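Reader: Could we go through this one together, starting with cysteines and then moving on to charges and strands?

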Amino acid sequence: MTDAATTTPAVRVDGLTVRYGRTIALDAVSLDVPTGSVFALLGRNGSGKSSLVRCLLGQQKPEAGRLELLGSEPWGKRSRLMERVGVVPEEPDAPREMTPRQLGAFCAHLYPSWEAKGYDARLSRFGVPPATPFGRLSKGQKGLTQLSLALAASPELLLLDDPTLGLDPVARHAFFDEIVTELADRGTTVILTTHDLAGVERIADRVGILKDGRLLLCEETERLKSRFRSIRYRSEVTEGRTEFGNELDEMDPLRAKVRGWGIESVVAGYSDERFNRFAARDGITDAEASPLSLEEVFLAVAGEEKGAAR
Amino acid sequence: MKRFAAVALREIAARRFVLPAAGAAAVIAFLVPLLPGVPGDQADLTRGITALILACSFGLGGSLLVGASVVGRELAERRLSFHFSHPLPAPIVWGGKLAGGLALVLLAELVVFLPAAAVSGQFPGLPGLGLDARLPWAILLSAVPLFLFAWLGSVALRSRSPWLIADLAFLVALPAVLFVVGRRFLRFGGWVDPGPAAATAIGVLLAAFIAATFAQVVVGRTDARRGHGAQSLVLWGLLLAATAGGALWAERTIDPGVGRLVRAWAQPSGPNGDWAFVQGSARKDGAGGTNYLLNLRTGQSILLPLGWSATVSADGSRAAYVHVSPFSKEKIELEAIDLKTGDSVTLGLPDWPEGVDLTADGRRLAVVSQGLCSVVELPSLRLLASARVPSSPWTYEPRFVAPDTVRLHPLRMLRRSDGRSGPATRAVEDPEVAELHVAKKSVTSLARYPIASIAIPARKQKGVDSGPTFILLPSSDLSRVLVVGFGTAPSVRLLDAASGRVLASVDGSEELGRPTGVFLADGRAVVAEPIPEGRRLVLLSTDGTRISEIALPAGTSRVRFGSEMGEGNLSVGVAAGKSTEANDWYLVNLEDGSLRPLGEKLLAYRFWPSGLTFPPPGSPVTHLAFDTDQRLVLLDPKTLATTPITRGRPAGK
């Protein structure tokens with residue numbers, strides 16, 4: 001990643017708000033996606049991911065806030081921007097009667113730089129029959145066809161809206177492999193919304209989590225994973241306890257459960273120093289910290305309210 | 001252009017099965033004439049009609065199906081995003097889909113229709129039907145608005161947005177508004193050339209449809225609800241704006257105001273001296289007609305439906321007006337209008353009435369129609385009496401002698417039993433004058449007027465002999481009758497109305513011409529008598545005595561009587577030679593016999609229906625005149641100054 005790339009974000013969102021009638025889909029969301037990064041936007045259904053994607057694609061006009069995609073405002077410059085953006089939608093939206101070959105021919109008219117050979121090669125690699133109407137392809141083949149279409153235009157930015165939804169493990173694997181290859185080859189910026197957290201953990205270097213239209217967090221994956229930990233310990237401290245104890249407050253506990261053997265908690269502010277201080281406290285015994293997967297972090301952040309369970 | 005073509009061709013390719021189906025239908029058109037029972041000489045016609053019907057079916061079905069699916073279905077299935085996630089500007093998406101969808105539908109129609117039309121040798125028309133060659137094209141092109149309608153309807157129904165309620169409301173409201181505007185337009189005599197009007201309406205509708213589909217795609221993009229909102233706003237905004245514009249135009253056309261009339265004609269309405277019936281057009285070409293009752297003293301005007309003359313009661317409280325129903329030319333309506341409130345009641349009549357009269361207070365109305373005199377109370381329209389008028393080849397004019405007594409005055413002899421012009425087919429009969437007693441509901445005969453005994457000189461000139469005919473003008477108090485002969489009857493007689501006795505006679509001849517005359521408000525009569533030098537006016541007293549004779553300019557061949565403009569002045573128009581127009585107008589002082597030229601001012605002359613009414617001499621209606629700019633003006637007989645009433649048309653423009 002170059003200095004210029006890190007200083008000029010591919011996507012800049014500032015105070016973005018989208019409403020559908022009385023429902024707030026996005027509530028003053030602000031985030032940056034650095035050029036060349038792979039940004040995974042996570043959230044439960046209805047959290048606002050698709051609204052943000054539609055805004056990025058210039059298909060939805062925000063009610064408030066500013067949005068820049070590759071330096072341009074997507075609503076007004078959508079058509080020009082789409083020459084530089086590859087899109088794989090959540091639901092395959094290519095015309096059902098067109099074969100992958102016809103889709104390629106159609107798209108070749110739309111892009112100044114269309115890699116017909118690369119497109120055909122990808123179809124072949126994915127095992128997509130080029131002469132079968134799109135409507136008759138399997139869900140995995142549809143997704144891979146759309147990914148092939150998106151990549152054939154050599155995009156600067158790839159926008160994938162839950163592209164592996166409903167795909168079998170083989171297709172999902174092929175999908176992510178292709179993205180990894182694409183990243184290695186071109187340094188394309190990727191924005192990805194997905195529920196496949198295991199898959200995305202391999203490739204995402206930046207993560208944002210949306211919940212009820214609000215952006216709960218947005219940071220580098222490694223940093224995120226480094227500050228989340230599962231803490232297990234026994235506690236003999238009985239005085240001055242809050243609902244589930246204040247001994248973890250320094251590490252920003254998200255939840256704690258009292259088990260028969262002791263206490264299990266997830267913290268969002270872990271560091272070795274803080275943990276050592278915690279473990280050295282009177283009454284704390286058998287303390288141990290274990291890292292969390294991205295899925296566990298997501299569940300901890302987006303799944304339940306802080307302190308909701310013990 | 002490449003992108004536009006790509007989108008358009010994709011729309012066609014997506015539904016390409018339509019074209020082979022159209023080809024099969026084209027073959028069917030050629031097979032039908034081979035069916036048993038189809039005459040061989042009708043093969044072309046059968047093939048042409050079959051092809052047209054099949055083409056229309058393809059057009060109708062195709063336009064609805066393709067129109068509904070071209071965007072609506074993709075929106076509902078969330079597949080329109082395919083276009084918007086590629087570098088396709090929204091106008092190209094819209095234009096490509098519109099062009100592709102329409103091209104497919106029209107192409108399918110042509111595939112069905114053209115082979116049969118071409119083989120018939122009367123491309124593009126239909127042989128043997130005598131139809132305008134443009135008609136098949138018009139039928140085929142009707143697929144265009146249907147396609148757009150289906151597009152809009154499909155988006156509206158699939159979006160499930162609250163705008164659907166607005167759509168339905170406007171869908172009901174707009175035709176209702178058009179109906180109200182159109183009804184008023186027709187009722188008050190608005191007229192437009194149907195061709196350009198229909199073309200304008202279709203053009204506006206198409207423009208609104210096209211603009212709405214454009215807004216739906218460009219503003220809505222992949223959001224069905226937002227697209228529906230945009231299309232509804234544009235569609236109804238444009239249609240409402242056009243309707244409002246049309247309504248304003250219609251209102252300006254039917255009610256431009258008396259002052260804006262370019263061409264106008266006016267006459268006194270009944271015995272009241274303030275009200276005039278004004279008919280005219282605000283357009284320079286004179287097209288369209290607007291009728292008003294105009295109070296010359298106050299300026300008050302009342303817009304009237306398209307009709308003929310109006311009668312105002314002596315006290316100026318009520319008017320009776322006959323007009324044709326705006327929705328059925330067979331239906332005649334008599335409207336009684338309260339001139340203070342503008343309220344009116346309408347009485348349906350079986351035929352155009354022979355005559356109408358109001359009592360002095362406007363509370364009763366007498367009307368003669370189809371040989372029946374009816375008296376009704378106003379405004380309740382309660383029938384007070386109804387009786388047959390005397391049977392004869394005369395039309396009868398009702399005149400209230402008193403609120404309870406109606407004089408049935410024989411006015412005009414019908415020369416032919418069929419009512420048409422041409423040689424007379426009836427012999428002259430002495431008409432019977434009678435009175436209807438409202439309370440008793442009975443008719444009493446008063447007298448017979450000796451018309452048949454008027455000598456008719458033998459005709460010397462060759463040509464169609466239309467025979468003699470007569471108009472009987474009653475004096476203001478109904479005590480005297482002036483018999484004015486027409487056709488081959490060059491005579492005027494002054495009769496005593498009660499007895500039918502002849503009080504005075506003025507005769508002309510085929511060489512000198514025929515006399516004519518009118519009553520003055522005070523019961524005296526003025527007759528234009530033909531003499532070798534031209535014409536002279538003869539003033540007759542009520543007992544028939546010649547009071548005076550006033551010479552008119554030498555060479556006068558025709559005389560028209562104007563109005564009694566007060567202080568003994570009567571306006572008279574004269575024409576010389578064979579001219580039928582009264583070119584020169586004079587103010588004739590009947591007391592001292594002097595003539596005062598009125599210059600270029602053309603006075604509104606009295607013609608026979610208004611010769612039956614006697615507005616007070618010098619009242620505003622007697623001052624009605626036209627100036628050289630064709631303006632209706634009020635003429636001051638003393639100073640000859642004019643006050644314009646209408647805009648007119650300045651000379652040379």
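Author: A disulfide here is a pair of cysteine sulfur atoms within 2.5 Å. This is a predicted model, in which local features need pLDDT of at least 70 and side-chain atom pairs count only at pLDDT 80 or more, while totals for chains, interfaces and linings use all residues. Side-chain values use heavy atoms, with hydrogens and water left out, residues are numbered from 1 along each chain as its sequence is written, and chains are lettered from A and ligands numbered from 1 in the order in which they are written.

Reader: How many disulfides does that rule give over all chains?

Author: The count comes to 0 over all chains.

Reader: And B:Cys373, buried or exposed?

Author: B:Cys373 is buried at 0% relative accessibility, where buried means under 20% relative accessible area, exposed over 50% and partly exposed in between, with a 1.4 Å probe and protein chains only. B:Cys56, at 24%, counts as partly exposed.

Reader: On to charges: how many salt bridges are there over all chains?

Author: There are 45 over all chains, taking a salt bridge as a side-chain nitrogen of Lys or Arg within 4 Å of a carboxyl oxygen of Asp or Glu.

Reader: Which residue does B:Arg10 pair with?

Author: B:Arg10 forms a salt bridge with A:Glu97, and their closest N and O atoms are 2.6 Å apart. The pair joins two chains, because B:Arg10 lies in helix α1 (residues 2-14) of chain B and A:Glu97 in the loop between β5 (85-88) and α4 (100-108) of chain A; helices (H or I, at least four residues) and strands (E, at least two) are DSSP runs numbered from the N terminus. B:Arg10 is buried, with a relative accessible area of 5%, whereas A:Glu97 is partly exposed at 26%.

Reader: What about B:Asp507, which partner does its side chain meet?

Author: The side chain of B:Asp507 meets that of B:Arg493 in a salt bridge of 2.8 Å, N to O. This pair links distant parts of the chain, 14 residues apart, with B:Asp507 in strand β20 (residues 502-507) and B:Arg493 in strand β19 (residues 491-496), both of chain B. B:Asp507 is partly exposed at 39%, and B:Arg493 is buried at 10%.

Reader: Changing topic, in what order do the strands of the open sheet in chain B run?

Author: The order is β5-β6-β7-β8, 4 strands with antiparallel pairing, where two strands pair if DSSP finds at least two bridges between them.

Reader: Why is one side of β5 and of β8 left without a neighbour?

Author: In chain B, β5 (307-312) and β8 (344-349) stand at the edges of the sheet, and each has a single partner strand, so one side of each has no neighbour there. β5(B) pairs with β6 (residues 318-325) of chain B over 4 bridges, in the antiparallel sense, and B:Gly307 has B:His323 in β6(B) as its bridge partner.
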